[in-house]
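Colleague: Please take a close look at a single part of this model and describe it in a connected way. I should also like to know how far the prediction can be relied upon there.

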Amino acid sequence: MTHHIWLILTNQWDVADLPLQLCSLSTFIALYLFLKPAEKAFWLLYFIGTIPPILSMVTPDMVYQFPHYRYIKYFLHHSAIPLAVLYFILFEGYRVPKKAVLTVFLTLNVIAVPVFFLNKLLGTNFFYLASPTETKTLLSFFGNGVWYYAALEAAALIVFFITYLPMHYMQAAEQKRVRGK
């Protein structure tokens, strides 16, 4: 909200500033989960809200430097997302089954289709589906055209499997503890 107020006050607001990026989706899901429990919504949050925001902080798509408002807002927002995931795991008891890897991958692809066409219509780059970022980020290494999309898909699957590993080991340890009692 403050971000959009700042953009309007500085005459910089553009349709590309709509909150339709992956991290915005993560934020909306987290807010929803604070209001209403939803296991499958958590699955989506877990996979898109754990490693992706951390990777975006490693190579941020931003031109502002500390202590600029946009810099601080970006890092606070992107660090709050994985912390929300951690909160839901530790305090709300959410868990993710192995089948969620593929379920969330397919769900994200279904969500990406209208976002892709919205990008075409508005000339935007939500979910970075139109092209890699303008600044040098990890997406800059994914190539162009069909190879860019193939690399995005492969990277998503790899990141999702890596993201699932801690959940797998945590659930295995919980089951072992229960069996040992």
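Modeller: Phe 34 is placed in helix H2, which covers residues 22–35. The model is a predicted one, and in it Phe 34 has a relative accessibility of 46%. This residue is therefore classed as partly exposed, since that class lies between the limits of 20% for buried and 50% for exposed. Phe 34 also belongs to a nonpolar patch on the surface, together with Phe 28, Leu 31 and Leu 35. The accessible area of these four residues together is about 460 Å².

A polar contact may be set beside this patch. The structure holds one salt bridge, in which the side chains of Arg 95 and Glu 174 meet at 2.5 Å, N to O. Arg 95 lies in the loop between helix H5 (69–90) and helix H6 (100–122), while Glu 174 belongs to helix H7 (residues 145–180), so the pair ties together parts that are 79 residues apart in sequence. Arg 95 is partly exposed, at 23% relative accessible area; Glu 174 is also partly exposed, with a value of 24%.

As to confidence, the mean pLDDT of the chain is 92, and 99% of the residues score at least 70. Among the elements of the chain, the lowest mean pLDDT, 83, is that of helix H1 (residues 2–9), and the highest, 98, is that of helix H3 (residues 39–49). Where pLDDT is low, predicted coordinates should not be read in detail.

Definitions and conventions. Residues are numbered from 1 along each chain as its sequence is written. This is a predicted model: local features need pLDDT of at least 70, side-chain atom pairs count only at pLDDT 80 or more; totals for chains, interfaces and linings use all residues. Side-chain values use heavy atoms; hydrogens and water are left out. Patches are made of residues with over 30% relative accessible area and no salt bridge: like charges are joined within 9 Å, nonpolar side chains (Val, Leu, Ile, Met, Phe, Trp, Tyr) within 5 Å. Accessible areas come from the Shrake-Rupley method with a 1.4 Å probe; for residues, only the protein chains shown count as cover. Helices (H or I, at least four residues) and strands (E, at least two) are DSSP runs, numbered from the N terminus. Buried means under 20% relative accessible area, exposed over 50%, partly exposed in between (1.4 Å probe, protein chains only). pLDDT is the predictor's confidence in each residue, from 0 to 100.
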